[in-house]
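Open the model in your viewer and keep the selection box handy. We will go from stop to stop, and at each one you will find out what to select and what is there.

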Amino acid sequence: MKKLITVLMLATALGTPTLAFAKDTKLSIQMSNYWGPPAYLAVYLNKLDGSFDSTVWVAGGQSRYQRDLRSWFRAASSSNQRIDGITGASIGSGRTMQVDVNIADSLIDAGYTLHVDSAVQDGGLVRDDAVLKLTQANSGTVVAGRGYVGALSVSF
Amino acid sequence: MLRRLHSAPGLVAGLIVAFMAITGSVLSVQPVMDHFAVRSTTVAMNVAALANAVSTHLTGVERIVHAASGAVTAYYDGGKGVAAALIDPATGAVLGDYSPSPIFVFFTELHRSLFLGMNGRFASGMSALALAVLAVGGMLLLVKRLGGWRKIFVTVKGTISQRLHVELARIAIVGLLVSSLTGGYMSLTSFGVIASTSPVGQFPASVDGGTPALISSLSALQAVPLADLRELVFPYAGDPTDVFTLTTASGQGYVDQATGALLNFTPKSVGQSIYETLYMLHTGQGLWWFGALLGLAALCVPVLAVTGTSIWWLRRRNQIKVANNAGARHADTVILVGSEGNSTWGFAQVLHRALVNQGHQVHTGAMNDLATAYPAARHLLVLAATYGDGSAPTSANRFLSRMARFKPHPNLSFAVLGFGDRSFSHYCRFAQVSAAALAEKGMDQILPMATVDRQSPQAFAQWGQDLGGKLGNALALEHVPTFPPTISLSLASRTDFGMEVQAPTVVMRFTLPKREISHWWEHLAFGKTMSFQPGDLVGILPPGSPVPRFYSLASASGDGELEICVRKQTGGLCSEFLHNLQPGERIQAFVKANPDFRPRKGISPIVLIGAGTGIAPLVGFVRHNDRHRPLHLYFGGRDPASDFLYAPILGEAIADNRLAGLVTAFSRIVGGGYVQDRIREDGAAIRDLVSSGAQIMVCGGDKWPRALSKASIWRWPP
């Protein structure tokens, strides 16, 4: 029991500083024009080695459809990260979404990449619809998506 | 109460419910089109073979979807984003590009969320709830109105709106209930209130990771026939740790792409099975004909919304407001009104006000609202008009049946005042019936039943005095009679008869106002301002008298003319006024329906018997006898040279078979006689006609039919 508390305290001590330095980051996604209902998106970070790190934002609240974002759902459900506070509405064709997200300072210029997966009912699932290297130089850079995402930009 | 539970949600949600119904019925076309577009296949392919075939035809296959309609679609990497192809279920060959119909995609989103995200989904769910409430409430209302579940399919009477509303609702009710309940369930699942998905089996923690085997060799996929397949998601290309995700009719699992083993299969939950069944019922996907029926039922909703609103509006417009109306349980005096055209309500209002001024707690309501008891009441005053042939007027048509449950307090005494028109037979018949029914309950009568003829203010005031005397109050009842709003009509032409035989009679034709109603919805909402058939009555207000005189109509409103036949009565205010009227001059008139004096439906023969001006409505029937129903007319006059009314028209009618037989009797010519004589002569023939279902219609003023029956012509020889 004592050991567990120590571990918890240690984790808190290590975790808190990175959170404290977290920057308010603006995430902006412009959807392309497509035929279909609003798209579900998962915005998440991968580590340098390509493995899943954490979820940044989820567009679309029903788990029934979140499941369609398969690789993200698979990784995220095993990470046990809660997504209640970082879930918003699905985004329709041609719409723009702008949200404030939390990305820890320490992740910038540390080899992390930001990924957007998209899925549309009766349409396709696009893994890595848009990808952006998380570097200071890329702040505000607009990258085009290859599927339902028209453009993605993040400004720190 | 029940009515309000039906009308309130209808008014609030009518528009959105109608909107959802229209979009829903558009969507119901999709499964029908899919059904006829998909080729049915007899070749049973297993999923492994199909997936293999598809992956040889297409690159980067992402998933294969087997729709309820039988259509198989493959999503693959089309170079620029995801592309979809339609697959032949029998061979796995590509049939062509697949793109969801933009129209149905648009309507699906409109139907479920109005393009308003979760707020729209909420509105959509609420409209499903509203439709369910309207359907159930409407059904209960109809059962109550018709008097029980067994009578639920009897024909209803009423305005076009009312009949349309009930007829359509009876046809559509089952479909609407299914649509609304399943829709409501789906809405609850999308808000997470009800679970609709099965728990997903954990993604396999460890997979073989070896070289992917040939898809056609994967045993878990071989075991699934195409018919059971819902969806097969392919592993990401080049990721040996990924697996196939297989969804079948019975559950979901994963397939190792190297070994073909089925991993972590989770059977479908009960919640999901229910959801899928209800989804199928709601959308018709997989049950196209049922969806089509629901779509047709939904098409009734806009009409129900419009007719329902117009019914509500009409009732509201006709509602009588009674000032200072006490609650039925607290009133010491209760006034019940049986009225057809609302004129009796005017008398009730005057009586109500006079009693309130004397310090009474008065409750006024329709006779149909008779309570089981009036605990505080001492006096029950019934003002009853009579409708048509002695039957109950609209606001009292359930009075006698409610009487069975009426348990009057021993101290409650009653008085009945009948309203009517002495020129009709069965004068105040319904008032007499009501008085007898109340007396049968053992109640005391405050004063014997009295009557008011043709809204006579004097008779009403007199009754007030008598009643006041008994109650110990001075009741001054001053009532100005009200009649339906009159329309000004101009005389188009007149034809005079009978001058030579001292029976001046004039056939008058008035022009009907042309543009009263120009839109169909005005018909629905207000009906025709002047709509009548031969045999109906026109009330004409002679100058200087508030009391109308009624004449039978010889024309229908569709003829564009209002035709009457008027005999000059010496000293008769109205008949002299009309006899002096010249073409172009105007009268003030309103129409009153006379539904008991109409030919029965069908084509059975009718014996028409008329004397003098009484022939007018009969000629109207003959004129409109386009179906050549056998009509036999007996007409009595004085001299064929002078008062043979309508002689040319009757001649034409015989020539073109609208009149089967004409027998005339003229009293002032040599060898003449009376109609009674002719009927007696034809007694055997008439009796045969009657026994074979013929109807007899007599018109000729009040005294004449009585003379007929006194002449014992109806007592056929045995």
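A salt bridge, on this tour, is a side-chain nitrogen of Lys or Arg within 4 Å of a carboxyl oxygen of Asp or Glu. Please keep in mind that this is a predicted model.

**Stop 1: a pair in chain B**

Select B:Asp656 and B:Arg658, whose side chains meet in a salt bridge with an N to O distance of 2.8 Å. Is B:Arg658 buried or exposed? With 16% relative accessibility, B:Arg658 counts as buried, because the cut-off for buried is under 20%. Its partner B:Asp656 is partly exposed, at a relative accessible area of 33%.

**Stop 2: a strand and a helix tied together**

Next, select B:Arg230 and B:Glu276. Their side chains form a salt bridge too, 3.1 Å from N to O. B:Arg230 sits in strand β5 (residues 229–233) of chain B and B:Glu276 in helix α8 (residues 270–283) of chain B, so the pair ties together parts that lie 46 residues apart in sequence. Colour by accessibility if you like: B:Arg230 is partly exposed at 33%, and B:Glu276 is partly exposed at 22%.

**Stop 3: chain A on its own**

Now hide chain B for a moment. Chain A contains three helices and nine strands. If you trace chain A along the sequence, the order is α-β-β-β-α-α-β-β-β-β-β-β. Of the 156 residues in chain A, 44% are buried. Among contacts in chain A with a separation of 6 or more, 63% join residues 24 or more positions apart.

While chain A is alone on the screen, pick A:Arg82 and A:Asp84. These two form a salt bridge, with the closest N and O atoms 2.7 Å apart. A:Arg82 is exposed, with a relative accessible area of 64%, and A:Asp84 is exposed as well, at 55%.

**Stop 4: where chain A meets chain B**

Bring chain B back and select the residues in contact across the two chains: 30 residues from chain B and 20 residues from chain A. Together the chains bury about 2,200 Å², with 47% of that area on carbon and sulfur atoms.

How many salt bridges cross the interface of chain B and chain A? There are two. Zoom in on B:Asp242 and A:Arg70, whose side chains form a salt bridge at 3.2 Å, N to O. Add A:Arg74 to the selection, and you have a network of salt bridges that links A:Arg70, A:Arg74 and B:Asp242. Six residue pairs are in polar contact between the two chains.

Turn to the chain B side. Here β1 (61–66), α4 (102–113) and α6 (160–190) each supply at least two of the residues that touch chain A. The largest share, five residues, comes from α4(B). By residue type, this side of chain B divides into 14 nonpolar, eight polar and eight charged.

While you have α6 in view, look for B:Leu164, which lies in that helix of chain B. B:Leu164 is partly exposed, with a relative accessible area of 33%. Draw a distance from its C-alpha to that of B:Cys300: the two residues are 136 apart in sequence and 9.9 Å apart in space.

**Stop 5: two domains of chain B**

Select domain 3 (487–592) and domain 4 (606–710) of chain B and give each a colour. Their contact takes 21 residues from domain 3 and 16 residues from domain 4. The area buried between these domains is about 1,400 Å², 60% of it from carbon and sulfur atoms. Show B:Phe497, B:Val501 and B:Cys565 as sticks: they supply 35% of the area that domain 3 buries against domain 4, more than any other three residues.

One salt bridge is counted between domain 3 and domain 4 of chain B. Select B:Glu563 and B:Arg623 to see side chains meeting in a salt bridge at 3.1 Å, N to O. Ten residue pairs are in polar contact across this interface. On the domain 3 side, β16 (505–511) and β19 (561–567) each supply at least two residues, and β19(B) gives the most, with four.

**Last stop: B:Arg494**

Finish at B:Arg494, in strand β15 (residues 487–497) of chain B. Its side chain makes a polar contact of 2.8 Å with the side chain of B:Asp496. A polar atom of the B:Arg494 side chain also lies 2.6 Å from the backbone oxygen of B:Leu581.

Technical notes:
Residues are numbered from 1 along each chain as its sequence is written. Chains are lettered from A and ligands numbered from 1 in the order in which they are written. This is a predicted model: local features need pLDDT of at least 70, side-chain atom pairs count only at pLDDT 80 or more; totals for chains, interfaces and linings use all residues. Side-chain values use heavy atoms; hydrogens and water are left out. Contact means heavy atoms within 4.5 Å. Buried area is the accessible area (1.4 Å probe) that two parts lose on being put together, summed over both. A polar contact is a pair of N or O atoms within 3.5 Å; within protein, one must be able to donate a hydrogen and the other to accept it, and residues adjacent in sequence count only if both atoms are side-chain atoms. Ala, Val, Leu, Ile, Met, Phe, Trp, Tyr, Cys and Pro count as nonpolar, Asp, Glu, Lys and Arg as charged, and the others, Gly among them, as polar. Domain bounds come from an automatic or database domain assignment. Buried means under 20% relative accessible area, exposed over 50%, partly exposed in between (1.4 Å probe, protein chains only).
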